[in-house]
Amino acid sequence: DDTYFIQAVANVIWEAFQRQQSEKRLQDRERRLTVVTDTMPALLAYCDRDFTYRFCNKQYEEWFGLKPDQIVGKHLREVVGDKAFEAIHPHIIRVLNGQRVTLERRLPYRHGPNRYVRIQYVPDQTPEGDVIGYYAMIEDISDREESERTRAALAAIVADSNDAIIGKDLDGIVTSWNKAAEALYGYTAEEMFGRSIATIIPDDRLGELEGIMTRLRNGEAISHFETVRQCKDGSLREVSLTISPIRNSQGTIVGASAIARDVTDDKRIARELERARRAAESANEAKSVFLANMSHEIRTPMTAILGHAELLQATLDDTDAKACVETILDNGTYLCDIINDILDLSKIESGKMQARREACSIIDILADIRSLMTVRATAKSLTLSVEFEGEIPETIVTDKKRGRQALDNLVRKAIKY
């Protein structure tokens, strides 16, 4: 009996020991499982059929900003919020029916901003096939989704750009070729992929390529580099290039992006305008020479006329005859002034005209104009008189010659019309 008793006690102790070891092994497995799940980048959680949390890893807690007791034992709706729950509820129903479900979408979670996530739901099934809960593995792909959206927008910009945009690696091999490049150079993207960019560089410009690639490898960007490129049909186009190095996520230069703008027409127009400018300058110079020559040819006989009129005036005693000669002298002098004004025109156009300010009598100027224009007025049966209203200063400071010319033109037109 004692032996039986001792054996029974030993069995109980052994079973207790085995149970303790089993519990320890279970705890070790749970600890290792917790370490593994907590170090995973994904969010892990387990819910039963009643949508109650039974487990979540550390990333899940931190992502929602909640403590374990604020998640475990709580209903799914309470943790994620009404809007998010309504969005994922139909998918969870499918999981509880034994399906695996994967979805990507933006969810309005209760805690924090809207997030674009990738969720994998896996049903937890008994050996008999009954679903007693589900596992959820969540990956925040907001950054990736934003990057993809940005990449898509940039791709659309590149594709629809009016400028040719070309990508190439550091060996000058074409990696991208947009529609504008096809239109400019005549090569399709399929024809250029994998070919050297030297395909569109004329033989006499090939030396540019190595210099450009060297600068790009050194991280230097090239702006508004004007050169010539050859199209598929052999024609040459003048282009302005802006070339920038392309770096990977580690900052290493892996290629280059070139933007080519066709400036052939702009250059042609600029050359035509330059030719027109030079032609205009040449014509203006010829005109100035002509005016100078013409003025000289007219001034020479006028000088003789004025000289002989002065000699004639000295020999006359008759008052009326002297007055006629005086008129000849005045008008001859005025004609010489007009000749000088013709020369002044070229000075004005060249920006060399300068006003000569001096003190002069406005009364004398008006008297001279009256003397010159009386004959014209009489010929049209008009009376030309000078009247003053108010006080007139004895002298004014102005350009006497051009002031007289302005008044003369006014009186001349008044008589004519």
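In which strand does Val397 lie? Select Val397 and the answer appears on screen, for this residue lies in strand S12. The model you have open is a predicted one, and the tour below begins at this residue before turning to confidence, the two sheets and the salt bridges.

**Around Val397**

With Val397 still selected, display its surface: the residue is exposed, with a relative accessible area of 53%. Add Cys360 to the selection and draw the C-alpha to C-alpha distance, which comes to 6.3 Å although the two residues are 37 apart in sequence.

Next, select Ile392, whose place is in the loop between helix H11 (362-379) and strand S12 (396-398). Ile392 is partly exposed, since its relative accessible area is 33%. Extend the selection to Ile363, Val386 and Phe388, and you will have a nonpolar patch on the surface, formed by these three residues together with Ile392 and offering about 300 Å² of accessible area in total.

**Colouring by confidence**

Colour the chain by pLDDT before going further. The mean over the chain is 82, and 82% of the residues reach 70 or more. Two elements mark the ends of the range: helix H1 (residues 2-39) has the lowest mean pLDDT of the chain's elements, at 56, while helix H4 (residues 82-96) has the highest, at 94. Where pLDDT is low, the predicted coordinates should not be read in detail.

**The sheet from S2 to S3**

Now show the strands as a cartoon and pick out the open sheet of 5 strands whose order is S2-S1-S5-S4-S3, with antiparallel pairing. Strand S2 (53-56) and strand S3 (101-107) stand at its edges, and because each has a single partner strand, one side of each is left without a neighbour in the sheet. From one strand to the next, the twist averages 25°.

At the S2 edge, select strand S1 (residues 43-48) along with S2; the two run antiparallel and are joined by 3 bridges. Cys47 can serve as a landmark here, as it stands opposite Tyr53 in S2.

**The sheet from S7 to S8**

Move on to another open sheet of 5 strands, in the order S7-S6-S10-S9-S8, where the pairing is again antiparallel. Its edges are S7 and strand S8 (222-230), each of which has a single partner strand, so one side of each is left without a neighbour in the sheet. The twist in this sheet averages 30° from one strand to the next.

Begin at the S7 edge by selecting strand S6 (residues 164-169) and strand S7 (residues 174-177), which run antiparallel and are joined by 3 bridges. Gly167 has Ser176 in S7 as its bridge partner. The two strands form a hairpin with 4 residues between them, and in the turn you will find Gly172, which has a positive phi of about 80°.

Then cross to the S8 edge, where S8 and strand S9 (residues 236-247) pair in the antiparallel sense over 7 bridges. One place to look is Gln230, whose bridge partner in S9 is Leu236.

**Salt bridges**

Finally, switch on the side chains, since a search of the whole structure finds 19 salt bridges. Among them is the one in which the side chains of Glu104 and Arg118 meet, at 3.3 Å from N to O. This pair links distant parts of the chain, with Glu104 in strand S3 and Arg118 in strand S4 (residues 115-125), 14 residues apart. Glu104 is partly exposed, with a relative accessible area of 38%, and Arg118 also counts as partly exposed, at 27% relative accessibility.

Select Arg205 and Glu208 next; they form a salt bridge in which the closest N and O atoms are 3.1 Å apart. Is each partner buried or exposed? Arg205 is partly exposed, with a relative accessible area of 27%, whereas Glu208 is buried because its value of 18% falls under the 20% cut-off.

The last stop is in helix H9 (residues 264-315), where Glu281 and Arg277 are 4 residues apart, which means that about one helical turn separates them. The closest N and O atoms of their salt bridge are 2.4 Å apart. Glu281 is partly exposed, with a relative accessible area of 45%, and Arg277 counts as partly exposed at 40%. Add Glu274 and Arg278 to the selection, and the four residues Glu274, Arg277, Arg278 and Glu281 are seen to be linked in a network of salt bridges.

Key:
Residues numbered from 1 in each chain as written. Heavy atoms only, no water. pLDDT = per-residue confidence, 0-100. Patch = residues over 30% accessible without salt bridge, like charges linked within 9 Å, V, L, I, M, F, W, Y side chains within 5 Å. Areas by Shrake-Rupley, 256 points an atom, 1.4 Å probe, with all protein chains shown as cover. Buried < 20%, exposed > 50% of the residue type's maximum accessible area, 1.4 Å probe, protein only. Pairing = 2+ DSSP bridges. Axes fitted to C-alpha atoms, helices over the stretch in contact; angles between N-to-C directions.
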